[in-house]
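Let's work through a few exercises on how two chains meet. Have the viewer open and follow each solution step by step.

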Amino acid sequence: MSIVIDVLQAAMLILGAPLVRGIIARLKAHLQRRRGASIWRPYVELFKLLRKEDLVPPTSSAVFRLAPLALFAATICMSAFVPVVHASALLGSRGDFFLLVYLLALGRFFLSLGALDGGSAFGGMGASREALVSSLAEAPLLLGLVALAILASRTDISGIVTWTLAQNIFNISAVHILAFASLAMVTLAETGRMPVDNPTTHLELTMIHEGMVLEYSGPSLGLIEWASAIKLQAMLALLVSLFAPWGMASNSTLGALVLALLFYCVKLGVLLVLLSVIESAVAKLRMYLVPDYLGVASAVSALAVIFTTLVKR
Amino acid sequence: MQLGAIETGFVFLLAVLGLIAPLVLIASLAERARGFAIALILSASIAGCLVAVFSFLKEPALLLELRWVTPFSFSLTVDRLSAFFLLLVCSVAIPVTVFGVPYFNFHYSEARRNWTWAFFSLFLLSMIVVVTASTGFAFLMGWELMTLTSTALIVVEGDSEDRRHNVLIYLLMMHAGAAAVATAFFLFLPHSDSLDFSALRLAGATIPGGLRAAIFVTAFLGFGAKAGLIPLHLWLPRAHPIAPSPVSAMMSGIMLKTAVYGFVRFAFDFLAGGPWWSGYAVLVVAAATGLLGILYGISEHDLKRLLAYSSVENMGIIFLGLGTSLVFVANHAPLGAALALTAALLHAFNHALFKSLLFLGTGALSHSAHSVNLNELGGLQERMPLTGTAVLVGCCSIAGLPLFNGFISEWLTFRSFLAGSTLLNSKADVVLPLMVGVLALIGGLAAACFVKAYGVAFLGRPRSARAEEATEAPFGMRLGLLLLAAGCVFIGIFPGILLRPLVALVQGLVPGAGVPNETLSIARVIPWIALLIVGVSSSVALLRHKKRMARTWACGLPGLSSRMEYTSTVFSKPIRFVFARVYRPDRKIEQQPSDHPYFPASISYRSVRTTSYERALYRPVVDSIVSQALRLRRLQTGNIQVYLLYIFLALVSLLALLRFQ
């Protein structure tokens with residue numbers, strides 16, 4: 001029974017991901033006083049892309065076609081780590097957060113290679129910038145998670161979530177706030193949102209992710225876009241379940257699960273509103289201010305770890 | 001002496017590598033004789049692997065007493081630690097030898113080829129002696145032979161002024177390191193009646209604190225110089241790139257691991273953990289080594305230098321594990337110590353596989369595309385698909401990506417940092433969890449570095465005519481690469497096969513340790529993740545059946561040229577910019593003519609990374625040695641009577657000393 005819920009949970013993260021993108025676009029449109037497209041538009045786009053043919057540069061190699069597959073598969077695998085409606089997940093108790101972070105790295109590695117294989121300047125530009133951002137983002141991401149792991153004395157995500165669920169809601173320590181701050185900052189960088197990357201631009205001075213995928217089209221592009229949507233929802237769901245798991249189903253009855261899903265939607269909705277406010281209100285950082293931004297995240301997460309070890313003592 | 005099957009194999013291995021193969025090669029230049037010698041080297045390596053596996057299972061350890069052959073106490077033993085490193089040496093030597101056959105054939109004349117193979121065989125022997133020695137004398141013999149034979153192999157490639165300078169630095173630092181290792185041995189002497197390892201082990205338990213610290217520090221310095229720990233790494237990026245590729249593979253892949261072996265022998269086997277601060281000292285040095293190593297590596301565009309610096313980084317990761325283990329030993333937490341030591345040893349094995357794979361890949365590049373400068377390569381995946389795929393596997397492994405072997409050991413290292421604070425629930429330590437951040441930064445930068453290395457060399461368009469005309473490497477080279485790549489993937493997906501014996505080995509070194517849970521859990525979960533990833537990607541691949549060629553968008557221009565691609569230099573520019581303080585580049589811009597700022601005829605731009613170590617650390621030492629030597633030169637008059645006087649005075653003073661003692 002639990003396995004079925006885990007599978008459905010992962011399927012929800014995967015299939016619901018385009019919807020999250022649509023909602024963000026709609027919210028941003030409202031904030032900017034535009035009418036905006038339907039929240040279902042990302043699905044229509046995805047179907048359109050998946051039905052088309054793949055355009056491949058004649059100078060590219062097999063890696064160009066392999067990269068979207070590797071990215072998509074690694075992202076799917078990563079989403080199987082994230083608990084949503086109840087504390088366990090398909091791989092949540094078997095693997096730990098190091099595995100999750102390195103699966104993201106696997107996808108990113110191949111996407112960067114695919115970008116370089118296009119043979120244009122844009123791919124290299126995107127890959128080079130992505131290399132900078134991601135190599136600096138890994139440390140704060142892991143340190144923030146380490147702080148939580150030390151608090152919970154567990155390294156598997158399900159274990160950490162179970163521990164947090166058992167705590168009193170008003171018993172949030174400073175460590176949680178610090179860790180949340182750093183992880184939220186890193187999530188913005190990892191998923192290519194403002195102020196680190198602008199997902200809606202095609203200007204060569206600013207683009208990172210868009211630069212990498214410029215040569216892709218058809219189903220390959222569809223897979224990449226879908227994967228980045230999954231990554232966004234999975235990271236947000238991870239934030240929700242690590243820092244505010246309250247409301248998750250403690251048993252496998254249908255009612256509890258539906259209630260947990262509702263709770264999740266509300267919590268995710270709050271995050272999405274926050275995200276669209278940030279994206280509408282904040283300007284994109286200059287490329288060389290991004291290391292400072294990530295440096296702040298690293299410092300905050302290091303503080304979180306230091307405080308945790310002090311708390312535990 | 002009764003010889004069992006394992007002993008026979010071991011003696012065969014030593015005899016072939018030390019005597020038969022070199023003699024055959026020196027005696028005859030015939031093609032058939034060389035083929036025979038190479039076949040012997042190969043079979044000796046295979047025998048070495050078998051000896052390692054079987055003696056691992058055997059109790060008590062295999063002991064080969066050679067006191068009756070040499071005037072000194074010289075004996076070899078294959079206990080579990082030695083067996084592990086013997087396996088490492090021999091299993092990497094097989095693909096390197098297979099690769100070397102076509103490589104040396106194409107690049108060297110007949111006579112040089114024979115010398116190269118002879119030294120190759122002796123080099124292999126020296127490393128086997130080092131990891132199996134059971135007396136201080138045998139160890140130091142092997143250690144010295146290792147330096148000399150590897151130098152000979154570097155010099156075979158050529159001896160220009162520049163190379164001689166680099167070789168000199170290599171020899172100097174290796175001998176300084178050897179002196180430190182020898183000192184570490186001799187420091188045992190007041191408490192031990194011989195330099196037999198068993199005697200040292202006994203003495204290690206009773207040695208007083210101060211001497212213990214002195215032994216630890218000298219051993220760390222000596223083995224650190226061999227391992228290329230910063231700031232003793234100076235020789236590594238000089239010596240590795242100038243050797244022929246198979247030799248670089250041996251030096252980076254195997255020779256550096258002998259330093260790990262020596263350090264583990266001293267710190268864990270003899271001393272059973274150093275002084276309480278030893279772990280932290282090792283951690284600090286290792287963290288600096290890892291970070292600076294990869295930062296220097298990412299700024300290189302010569303593939304061999306990049307790989308050499310990445311070896312520095314990986315030695316940093318291995319010593320992070322060793323340092324963590326020492327911290328746990330000092331805190332009496334054997335389980336954590338076992339986990340960290342397992343991680344370090346596994347990373348040593350993994351690094352041996354993927355680093356020799358990458359160096360051999362570089363050899364294939366220099367064979368087919370006649371360059372190892374990244375900015376002259378490109379588009380080679382299409383032209384050399386098998387080499388390219390193997391190198392891709394190596395890059396994924398070294399970047400620590402899941403499903404490849406580098407990930408397993410990095411993951412274990414990560415978990416060992418947390419072992420104290422999350423699992424054992426003992427006193428939480430602040431330093432170890434913060435090391436997660438350091439290793440994460442190292443890992444992130446390594447991934448960036450190898451995206452660059454593989455992406456620029458093998459993807460996109462060729463950047464030079466030589467790369468354009470490159471063809472696939474010959475069969476032997478491909479076979480060598482393929483063997484190593486298969487090893488990387490296999491260990492990456494089924495790590496249990498190595499982890500189980502490793503844990504058994506580590507339990508012998510860390511008394512009282514159980515089986516760390518992590519080693520079991522990673523071996524269980526990784527095959528499922530591999531299945532999931534392969535299943536998803538192959539089923540999604542069916543979605544994309546239609547495919548059409550279309551030129552890359554060129555912003556409206558008639559077409560793209562390779563000059564519009566990102567080069568290796570510009571790819572790493574953002575990272576170099578952010579870490580400018582580490583590099584401290586020395587920039588020079590010259591304009592000709594200088595009085596026409598707006599219409600210059602030519603502009604030359606030079607940017608060199610300043611080697612601040614040389615300036616701040618080595619220069620003062622060298623200067624003081626030179627000034628002392630100049631002062632001593634006054635003794636050298638060139639007059640024979642004066643020298644006779646010196647001898648007479650020395651004799652008299654020695655006699656006087658003996659008389660009054």
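**Exercise 1.** Find how many residues of each chain take part in the contact between chain B and chain A.

Solution. Start with contact, meaning heavy atoms within 4.5 Å. By that rule, 72 residues of chain B touch 74 residues of chain A. Before going on, note that this is a predicted model, where local features need pLDDT of at least 70, side-chain atom pairs count only at pLDDT 80 or more, and totals for chains, interfaces and linings use all residues. Residues are numbered from 1 along each chain as its sequence is written, chains are lettered from A and ligands numbered from 1 in the order in which they are written, and side-chain values use heavy atoms, with hydrogens and water left out.

**Exercise 2.** Work out the area buried between chain B and chain A, and which three residues of chain B supply the most.

Solution. Buried area is the accessible area (1.4 Å probe) that two parts lose on being put together, summed over both. Here the total is about 6400 Å², with carbon and sulfur atoms giving 75%. Next, look at chain B's own share: B:Arg544, B:Arg548 and B:Tyr566 supply 11% of what chain B buries against chain A, more than any other three residues.

**Exercise 3.** Locate a salt bridge made by B:Arg548.

Solution. Look for a side-chain nitrogen of Lys or Arg within 4 Å of a carboxyl oxygen of Asp or Glu. The interface has 2 such salt bridges. In one of them, B:Arg548 pairs with A:Glu53, and their closest N and O atoms are 2.7 Å apart.
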